[in-house]
Each structure stands twice: as structure tokens, then as C-alpha cells.
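Trainee: Could you take a close look at a single part with me? I would like to follow it residue by residue and then see what surrounds it elsewhere in the chain.

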Amino acid sequence: MTKKRKRQEDFQKVKLKVGKKKPKLENATDTTFKTKAIQIPEQLKEDGVLPTQNRKLNIKDLLSQMHHYSPGVKHNALLGLKELLSQYPFVIDAHLSSIISEVAAVFTDKDSSVRGAAVHLLQFLASKIRAEQIAPFFPLVSAHLSSAMTHISEGIQEDSLKVLDVLLEAYPALLTDRSIILLKNFVELISHQQLSKRLKSRDKLSWMLSVNPNRRVTSQQWRLNVLTRLKKFLQAVVDGSSDTEDEGLQEQKDNSHSVRNPICISWKLHANNQQHIQLFESGGLRPKINSSFRLRSLTSVMDSAEKGLSSAENLKGFIEIIIPLLIECWIEASPAQSAPILGNLLESESQQLMQQVLSIIHLLWKLTKRHDETYKMELWLRMNYLVDFKHHFMRHFPYSLPDTVKHKKKEPCKSNKNCMKSSNNVDHLLLNLTLCDIMVSLASTSTLQTDSGWLDMIRKFVTDTLQDGSKLNSKQVNRLLGVTWRLMQIQQNKVATEPLIKAVYMLYQQRNLLFPVRTLLLKFFSRVYQKEDLRTQRIRSRSKVLSRWLAGLPQQLALLGLRNPELSNQLIDIIHSAASRSNKELLQSLQATAARIYDPLEGTLVLLPAEAQRRLVQLVYFLPCLPASLLACLSRCCIMGRMSSDLAATLIGILHMR
């Protein structure tokens, strides 16, 4: 068989016949299929109800991108969320749970740009969301914050402080409810536990400062950043307490077993026998039972961790951990350590670190005063920390800025508030006053002989500062007067208290004092006078400086006029209080100045508002004598219409009673 014939047999062409179907090929594909209709109503709806931002992404799209593996996508999603929520604020309420959970989850993201965008978005949300709205979701936010503060990455720890700043500014009460966990996180940020064999047998673990060379900032700067936030956190705890008290002129514990309960008496109703006063029920005193017995409350079923710093045991435990660490920070920043190191930057950090250390101790001391006397917190603090404080804190007292910092800028002060601060915003006077406040709280009358050495140093510093206090601001004066009051309570004899009162009076006589400063000085003198007046007649010894101050109040009231109505009201209240106690010096001065105060043309009576006029009219009752000239002035005030008809009727009733 030839090759040509063999090729024809292999590739034979099939002949198609007319009318016959074409045979199917062996490799033919079956293309037949069946279809059924599927209806999905939810997917057929349009997304027109959800607003979108400029990239046409709605809230669900942006939240879903928060789980993307790419940092760029998550960063753009956070920026898009801020843009969308700023344009359509109502979306926040509808998707609050999802927004909070997704934003809090990226507190621990590996990328720094994503964490930065999350902080900016959280700051924006804090201005839009009220505390009661975010309260149900705050445990989740707090858990993510704790995770970020204790993260192994230094960058995440640094950004966690920024998150803490936002939450402290917007929701301090919610954040302080979880104080125990966050306080432990603060400690772990700057220290670590000692795990040596010698310490394993102890019941309590010891902590020591840690140094991490991988941080972008120095160890001292990092501790300063952490302690600054710790101080803000403790300040929020103190402010959130129910019995908040003034920082400087706070009430000290007295031995009196009664509490004042004042009542308001209407002269008109009392004169017409329409208001009856029960002597024993409304006499201004109600008994205070000194007993350690307390009824069981709902808070007693909570464990100590839930109580936070409101529990004395928790507060003691935290003080035992943090005080040694603060002393170590102080030693590193003290002048003895930083003297050989050149450079103003490190010196500035040292000054600020010392200020934060003292501020934290001062806030802890204020928290200890909130507990019952049965815990004897003051005695416990003195026994454990007085020796260390005297050795480290009082060694270089008083502290001042180096000359290189003081003379760096010789520009005149623009205001009194900035005069006591250096160019690096370190208030060395406030540093010294905080230290004085801490130390005098550890002293008492019974320990006066033992503490006389460092108490004399503090007393001399306070006296010198008051005598040269023309440039003090209200915050410094408040702390200064608080230390002065405490010193007067420790040593109550006239030899020790009279120089302090004289120094305060020298500051009071300064001209052009700020109104808050003048108000603080008035409150201080009024309180000193009331304290002196409450003493028994047997040991009463009038202060000559205090009598001179009281005698000058009516003349100051006449000169002040309408220039400062608030200050005039304070002066009237003090004058009324002293006149009701029959103070001889004040009544003589009031009698001499009465013609100027009740002048019908330019007197204080006709210039002040109605309420102040009523108080001035009541002062007429206490005047020793009513000469014809004074009665003529009061008559002209009534005839000329310089006071209301009701007030004129009150004046006539007072004169009738006289």
C-alpha cells in the first residue's frame, strides 16, 4: 500500500446527505442549562439612606476597612470617618457602638500613622459624645487603653498617653472609676518589679525604676511625661470626690463636736411676729456623733478593687509602691545630681520632674485626709516617710532656678502671673510651696519640739515670701495662705502667729493687687478673726494686726464705692460679721465712716445694688450712736428715692427698734 492511499484512509471526509441531521462530534460540549429566579429584597435596596463622604463611602464601608491588613487603608478609613461624622453628626448616634469599638481597637495598631489618626478621631468624637452616651461602652475603651499602656512596643506606650489625655479631658469621672488598673499601669510604665531571690520571700514585691535605651526620648523625659499624666489622673480623682475642698485654705480638723447650721431671718417677718425661731432647733448647732460605727451600705459588698482609691487599704498599697519610686526620681533630678551636668534643657526637665513628684505626693496626702480618723493615716504617713522627706526634700530647701536660666531673658513681665516663672515655664515658688504644704501636714502640736528645725525653715521662707509678694498670682497666694494657716494651727501662741499675720497684712496693704488675690486675703483674715473669736475669754488674746485690719475695713468700703461690687459685698459681709460680735475697733471705725457710707449723693449706700443696700441698712442697727447728721443723711436717701420703699420701711423699723 502506498503512502498516498494510507493518508486518504486516515482522513476520510464524511459525506452529508440531504435531509439527515448532522452527526454530533465526539468532543462536542453540551451547552444546555436551566435557570430559576432568586429574589433578595434586602440587596435590591439602594444605599441612598446612608450618607457618604467625598469618596462615596458610607459608614459601613469605612468601618469594614478598619479590619484591612494595609495600614494605608486603615489610615484613610479613619480620615474618612472623621470627614463623614463632621458632615453628618447624626450618624454618630446611630452607629455609636460600632464606631467606639473599631476606634478603640486600633489603639494598639502597629503603624504609628494609624494610631495618630485614631487619637485625632477620638478627640473629635469626645467633643460630640456626652459622658452618659459613652458610659455603656467605656469599659471596652478602658480595656484597650490598658492594653496600649502595657504593650511591649514603646511607640504604642507613648501614644497611649495621648489617648489618656483625651479621655481625662472629656470623661474624667468615667476614667477614675477604674483607678486601680490604671494606677498599676502608670507604675509599670516607669518601673519593673525586683525578682531577686532575696526579695521572693517577702510578702510585698519591690519596684525599681526602669531604663529603656530604645525609646526616642531620655529616661528622665519619659518619666516626666508619665508623671504628668499621673498627676492629672490623681487630680481628677480628688476633684471627683464628694467632699471637695479648697487647695490652699482648706478646713483643718477641729476638736469641736458641732456643725454650723445657719438659717435665714427676715427682719420684716420677724418684726411682725410672722417668723418664729426655735432656740434649740434653729440655734445654729446640731450634734455630731463621733462614733466608728457605720451602717452597712451597698458599697460594702464591693471588693477592694472596685472601690479604687476610696478604700484606705488600696490607697496605702499604692502609696507604698509609688513613694519610693518618686523619691528615686527626685534623687536623679536633685541639684546634687544635676550640678555637674551642663545645659539648660536637662535643668529644665529636672525642675519640672521635681514639681510633678511633689504635686503627686500632695494629691495623695489630700486623698488620705478623706478617710476616717480610725485609720490614723497621718500618723502612718509620718512614721514611714518623714525621715526620707527631711533627708531628700529639705536638704536644699528653698529651691531656686540657676542663674543661667534666670538671666537668659531679661524681658519685663507682661503680667504679674508670669513674673514668678522662668522661660521654661517652671514655677520654682510653687515648687517650694508644694513642699511646704507636704511637710507641714506631717507636723502637729504634739511633735512641735521634734520638728522645730525644719518648721523654722518653712516659717522663715513663708514670712519672707509674703513680705515681698507684690508679684504673686492667685494660685501661689492660695497655696501660701494654706501653709500659713497650717503653721498657725501647729503653734497657736501669739509669739509665733503674730509675725505670720503681720506678713500677710503687709501683702494686703500692697496696691494694685489682682481681684482673686485680694479676695483670698480677705477670706484668710476673716477666717483668722472667726477662729480667734471662738476661743474662750480666758485664753483670748487679741491680735493687734488683726484689730488694725478690721478697723480699716469701713474706710476701704467707703473708698471702693462702685469700682468693684463683688469686693464691696465681701467687705460688707466681714463688717457685718464683726459688728454682730460687738468688735470695739470695728464699731468705732464704722461710726467714724458712717457719714461717707450713707451719703445721699456719692455714698456707698446709693451706689451699690439693692442686695448690698439691704446689708448696709442692717448695719445701722449696730452703730454705737445715731447722731442727727447721720439721721439727716438717711432721711435724704429715703426722700430722694435712692432706695426702694421696702428698704426704707426696713430702715424705719430698725430705727424704731433702736
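Mentor: Happily! Contact here means heavy atoms within 4.5 Å, and that is the sense in which I will say that residues touch or meet. Please keep in mind that this is a predicted model, where local features need pLDDT of at least 70, side-chain atom pairs count only at pLDDT 80 or more, and totals for chains, interfaces and linings use all residues. Numbering starts from 1 along each chain as its sequence is written, and side-chain values use heavy atoms, with hydrogens and water left out.

Let's start at Asn-432, a residue of helix H22 (residues 428-440). Helices (H or I, at least four residues) and strands (E, at least two) are DSSP runs, numbered from the N terminus. Asn-432 has 1% relative accessibility and therefore counts as buried; the cut-offs are under 20% relative accessible area for buried, over 50% for exposed and partly exposed in between, with a 1.4 Å probe and protein chains only. Leaving aside residues up to four places away in sequence, Asn-432 touches Phe-397, Pro-398, Tyr-399 and Phe-461.

Two of those partners deserve a second look. Phe-397 and Pro-398 are joined by a cis peptide bond, with omega near -5°. Most peptide bonds are trans. Pro-398 sits in the loop that links helix H20 (377-392) to helix H21 (403-406), and this cis proline is among the residues touched by Asn-432.

Other loops have backbone features of their own. Most residues other than glycine have a negative phi. Asn-512, however, has a positive phi near 60°; its place is the loop between helix H25 (494-508) and helix H26 (515-533). With a relative accessible area of 71%, Asn-512 is exposed. Ser-582 likewise has phi near 60° and lies in the loop between H28 and helix H29 (584-597). Ser-582 is exposed at 54% relative accessible area.

H28 (residues 565-580) also packs against helix H27 (residues 544-560): their axes come within 10 Å and cross at roughly 145°. Axes are lines fitted to C-alpha atoms, for helices over the stretch in contact, and angles run from 0 to 180 degrees between N-to-C directions. On the H27 side, Trp-549, Leu-550, Leu-553, Pro-554, Gln-556, Leu-557 and Leu-560 meet a set of H28 residues that includes Leu-567, Ser-568, Leu-571 and Ile-572.

For a buried loop residue, turn to Phe-107, found between helix H6 (96-105) and helix H7 (112-126). Phe-107 has a relative accessible area of 6%, which makes it buried. Not counting residues up to four places away in sequence, Phe-107 touches Arg-115, Leu-122, Val-141, His-144, Leu-145, Ala-148, Ile-156 and Val-163. Its C-alpha atom is 9.9 Å from that of Ala-117, 10 residues apart along the chain. In H6 itself, Leu-96, Ile-99, Ile-100, Glu-102, Val-103 and Ala-104 are buried. The buried residues of H6 pack against several helices, including H7, helix H3 (59-65), helix H4 (71-87) and helix H9 (138-149).

Finally, the whole chain. The protein chain contains 33 helices and 4 strands, and buried residues make up 44% of its 658 residues. Of the contacts with a separation of 6 or more, 73% are between residues 24 or more positions apart.
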